[in-house]
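Here is a set of short exercises to work through at your own pace. Try each task by yourself, then compare your steps with the solution.

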Amino acid sequence: MKRLIAIALGCSIVLVLLVFSVSTAEPQDIRVPERFASFEMQWDTATPENIGARARAVVEIMTGQDLKRRATVSAVKSTDGVVRRMEAKFLEAPRFEIEYLREYDELRVVDSELAVSTRPRSDLSRDEALRSARKVFEQLADRKVIDAQHYDWDRVDTAFTMVGEGSNDGKNTDRRRTEARFTLRRVLNGIEMANAGIRIVIHASGRVSSLRIGGVSVASRPAGGGREEPTGTGRWLQRRPTADPIARLNRELVPKDAKPKIAWSRVMYVMPENKRTAVVQPLNVVSYSLEFPSKDGPPAVSRRITVGFSLVDPNAPAIDLTPPVRAPQTERTRKQY
Amino acid sequence: MIKFTISPVNTSHRSFCRLAHLVVAGFLSLVITHGANGQRTYYLDESTDFSGNGCENADLNDVTSSLRTALNSNGWSGQRWTNPNAWPQDYYESTTAGLSGVDNLFGDNALFTVYAGHGNRASLQFGFMRNSRCNVNLETQARLGLSGGARAAYAMWVTSCTLNLDSLSRNFNHQIRQQFGYHNSPSVKDDQPRDFFNASDGKTNARAWIDEMEDRPGWFTGDNSPIVLTFGLDSGHCDWVRDTAKLRGGQLLSTPPKPWGWFCWIMYDHGASGC
């Protein structure tokens with residue numbers, strides 16, 4: 001009898017551990033207000049003058065030095081001749097790679113010398129790097145490149161650039177962090193946006209090695225206390241009781257035999273990928289992959305899937321937030337050998 | 001096959017012939033190697049349909065057709081096969097008994113080889129079952145840059161977890177210059193592989209891959225942990241390959257000196273979600 005009880009206890013512990021290990025999602029954001037707004041959003045495209053001015057401010061902050069000459073802004077050659085990106089160059093600062101992504105109103109600046117400096121003399125301290133990133137953030141706000149009120153440092157994401165090496169016999173292996181990568185997403189009345197933000201990258205030397213700024217623009221006006229009010233066709237909405245997004249995912253979207261692996265789940269504004277302008281309301285967003293058993297190998301893991309559930313219509317179907325751009329192109333001939 | 005015959009005349013003549021043999025053989029091997037490797041060739045396999053074909057998983061978006069267009073526009077040539085024409089056997093080593101591999105004709109028969117679909121640590125999942133197989137175990141079933149084919153120098157895996165750091169050594173059984181993949185389950189938009197190739201004109205492959213793949217374009221959610229695994233003769237050579245090779249820029253478009261003695265990797269680490 002005691003043995004049976006011990007086995008049953010053991011099984012229940014294993015079951016609890018299994019359930020716990022499957023539910024690896026980050027906790028759902030609980031700061032979502034009962035009332036929130038939909039906003040008109042659009043992807044703007046900057047003029048070459050504006051790109052040059054933004055790039056100048058960013059490079060001056062990264063170097064700590066004033067640049068005397070203007071940037072040269074030109075189209076980046078792509079293989080199909082379509083101009084999707086612009087590049088800016090400063091004669092006085094040739095080591096900076098500056099790209100502007102026209103589709104996403106996004107500026108990327110990289111210090112190419114630091115980017116290849118993968119054997120820093122000192123270890124990277126996350127706290128020191130964070131302090132450096134906050135200084136850069138303040139300088140960007142002072143230069144009006146960003147609006148400091150649009151970001152919340154309590155929600156900063158931290159990632160790292162890692163390098164490693166070793167010999168083919170498995171000896172002499174080494175791995176180290178060379179950069180800390182801090183990402184802040186734009187916040188609208190306490191709710192994050194997936195498609196606008198800033199990433200500040202601090203090299204182990206303490207210098208800024210890259211910056212990424214930009215994203216979708218929001219039609220809003222200040223409403224006091226750091227809040228924003230929608231303009232145009234945006235409007236205020238009332239949150240309605242909705243089912244837990246993970247429960248809905250399991251019930252509606254996970255195929256039989258598959259196991260969901262949740263990467264993250266939070267309430268966010270997400271711009272529809274197939275539109276340049278849209279009225280966007282926040283959604284309960286879940287980013288996950290599926291693990292399927294396999295007959296001739298280990299389980300296979302799908303690429304990432306991201307879906308959104310309405311906060312105002314409990315019966316609305318899930319929205320695919322990462323739809324294909326085009327139908328798959330397949331060949332008509334049969335492969336032979 | 002070229003045969004050299006040495007007639008038994010005298011010792012000095014034999015030595016001269018032996019020396020000439022070595023010089024000519026060395027020269028020929030150099031010419032043949034560079035002639036074959038200097039070509040900008042690609043092989044693309046892609047699975048987008050994973051429903052009801054014996055290899056179940058989520059259906060996918062097409063991420064290699066725009067890459068193929070970009071490669072063709074840039075003077076590369078090769079093959080792209082999808083769904084029922086993309087086979088696990090394309091990556092099975094053709095000289096290994098029992099696998100029915102045809103990597104000598106497909107996956108290991110071009111300088112730049114790509115698979116887009118699903119995967120796991122050191123493995124690829126194809127969408128259509130063929131000969132009762134859906135998967136490629138890259139550790140035990142594939143030998144890129146070796147034996148049959150032996151033309152691959154760069155491999156791109158647009159799949160989940162294939163280059164997961166915790167099992168990276170399972171991707172060491174190849175003799176190629178670089179592998180591009182993910183430490184986690186990535187979100188990949190249709191044209192990102194194309195954008196990577198385009199960026200490898202001015203940037204090195206390593207920087208182009210991690211910069212283009214860190215996020216889904218237009219998103220700031222840091223969904224991907226892109227990683228580049230490079231091989232070299234020793235530590236310095238590995239760093240040099242990583243900081244030199246450019247697919248579109250035409251740098252190091254050749255098979256590597258073998259065998260490799262050192263690996264080096266670089267990654268933007270946003271976690272190992274899904275793996």
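**Exercise 1: where two chains meet**

How many residues of chain B are in contact with chain A, and how many residues of chain A do they touch?

*Solution.* Before counting, note that this is a predicted model, in which local features need pLDDT of at least 70 and side-chain atom pairs count only at pLDDT 80 or more, while totals for chains, interfaces and linings use all residues. Residues are numbered from 1 along each chain as its sequence is written, and chains are lettered from A and ligands numbered from 1 in the order in which they are written.

Step 1. Two residues are in contact if their C-beta atoms, placed from the backbone, lie within 7 Å. By this rule, 66 residues of chain B are in contact with 58 residues of chain A.

Step 2. The largest share of chain B's side, eight residues, comes from β10(B). Strands like this one are DSSP runs of E with at least two residues, helices are runs of H or I with at least four, and both are numbered from the N terminus.

Step 3. Now look across to chain A. Its strand β7 (residues 157–167) pairs with β10(B) in the antiparallel sense over eight bridges; strands pair if DSSP finds at least two bridges between them. Within this pairing, B:Ile266 is the bridge partner of A:Val163.

**Exercise 2: a strand and its neighbours**

Find the strands that pair with β9 of chain A, and explain why β9(A) is largely enclosed.

*Solution.* Step 1. Start with β8 (residues 174–188) of chain A, which pairs with β9(A) in the antiparallel sense over nine bridges. Here A:Phe182 stands opposite A:Ile200. The two strands form a hairpin with two residues between them, and A:Asn189 in the turn has a positive phi of about 50°.

Step 2. Go on to β10 (residues 208–215) of chain A, joined to β9(A) by seven bridges and running antiparallel to it. In this pair, A:Ile202 has A:Val208 as its bridge partner. This is a hairpin too, with four residues between the strands and a positive phi of about 95° at A:Gly206 in the turn.

Step 3. Add β15 (residues 259–269) of chain A, which runs parallel to β9(A) and is joined to it by two bridges. A:Glu192 stands opposite A:Met268 there.

Step 4. A residue is buried if 20 or more other C-beta atoms, placed from the backbone, lie within 10 Å of its own. In β9(A), 13 of the 13 residues are buried, so the strand is largely enclosed by the rest of the structure.

**Exercise 3: one residue in its surroundings**

Why does A:Ala37 count as buried, and which residues does A:Ala37 touch?

*Solution.* Step 1. Locate A:Ala37 in strand β1 (residues 35–37) of chain A.

Step 2. A:Ala37 counts as buried because 23 other C-beta atoms lie within 10 Å.

Step 3. Leaving out residues up to four places away in sequence, the residues touched by A:Ala37 include A:Asn189, A:Pro230 and A:Trp236. You met A:Asn189 in the turn between β8(A) and β9(A).

**Exercise 4: an open sheet**

Which strands stand at the edges of the open sheet that has the order β11-β2-β16 in chain A?

*Solution.* Step 1. The sheet has three strands with antiparallel pairing.

Step 2. β11 (217–218) and β16 (277–280) each have a single partner strand, so one side of each is left without a neighbour in the sheet.

Step 3. Four bridges join β2 (residues 39–42) to β16(A), where A:Phe39 has A:Val280 as its bridge partner.

Note on methods
Buried ≥ 20, exposed ≤ 12 C-beta atoms within 10 Å, placed from the backbone.
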